[in-house]
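This briefing introduces selected features of the structure shown below. It is arranged by topic for a reader who has not met the structure before.

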Amino acid sequence: MSPPKSDAPQRTPASPGDPWLTAAQRFILEIDGVEIGTFTEVSGLQVEVEVETVREGGENQFIHQLPGRMSWPNIVLKRGIVNDDNLFAWFSKTSGDAFAAQGNKSQMLHGAITMITVHGERLRGWSIDRAFPVRWSGPAFAVDSSQIPSEELELAHHGFKPRTV
């Protein structure tokens with residue numbers, strides 16, 4: 001007798017040439033269709049729904065739980081230092097003097113994060129709604145460090161959705 005059919009996705013063992021094995025190492029960030037950079041690490045692609053509880057008089061078996069607001073943590077992108085200043089330039093436009101020169105109006109842009117293979121093939125993507133940079137950090141310098149110099153960009157946003165690549 002065969003096992004019952006399931007709607008769950010079926011997984012098979014990956015072969016060494018499987019693009020999904022190496023894809024976790026490379027991500028592209030695009031803002032309004034312009035490629036900002038390639039990253040080795042992305043975190044913060046998550047969403048959480050607050051739960052509101054309602055106590056009903058006379059009901060002692062349970063407390064009603066209702067879905068509330070959604071919250072989206074900031075997205076953090078990391079990569080080794082490269083010889084361009086795209087990330088810092090974008091950050092500078094949304095803060096300080098450049099922000100004041102725009103009448104203190106922030107530029108919330110639409111973006112996308114796309115996972116790619118080592119050959120540049122696009123595998124999976126997420127579109128980001130109304131993003132803007134809130135933190136940039138550069139490398140820490142230490143003579144005795146063996147770590148690769150890196151930079152990080154943190155984005156605030158109003159949500160994301162999976163997208164077809």
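A residue is called buried when its relative accessible area is under 20%, exposed when it is over 50%, and partly exposed in between. The model is predicted. The points below concern a surface patch, a helix and a loop residue.

**Val47 and the nonpolar patch**
- Val47 has a relative accessible area of 40%, and because values between 20% and 50% count as partly exposed, Val47 is partly exposed.
- Val47 lies in the loop that runs between β3 (41-43) and β4 (48-54).
- Together with Val49 and Met70, Val47 makes a nonpolar patch of about 250 Å² on the surface.

**Helix α2**
- Helix α2 spans residues 86-93, and its buried residues are Leu87, Trp90 and Phe91.
- These residues are on the same side of α2, because they cover an arc of only 100° around the axis.
- In general, an α-helix has 3.6 residues a turn, so residues three or four places apart point the same way.
- The cover over the buried residues of α2 includes the strands β1 (27-31), β2 (34-39), β6 (75-80), β7 (109-116), β8 and β9.

**Gly138**
- The loop between β8 (122-137) and β9 (150-156) holds Gly138.
- Gly138 is partly exposed, since its relative accessible area is 32%.
- Leaving aside residues up to four places away in sequence, Gly138 touches Ser150 and Glu151.
- Gly138 and Glu152 are 14 residues apart along the chain, and their C-alpha atoms are separated by 6.6 Å.

Notes:
Residues numbered from 1 in each chain as written. Predicted model: local features only at pLDDT ≥ 70, side-chain atom pairs only at ≥ 80, totals over all residues. Heavy atoms only, no water. Helix = DSSP H or I, 4+ residues; strand = E, 2+ residues; numbered from the N terminus. Buried < 20%, exposed > 50% of the residue type's maximum accessible area, 1.4 Å probe, protein only. Contact = heavy atoms within 4.5 Å. Patch = residues over 30% accessible without salt bridge, like charges linked within 9 Å, V, L, I, M, F, W, Y side chains within 5 Å. Areas by Shrake-Rupley, 256 points an atom, 1.4 Å probe, with all protein chains shown as cover. Salt bridge = Lys/Arg side-chain N within 4 Å of Asp/Glu carboxyl O. Arc of directions from axis to C-beta.
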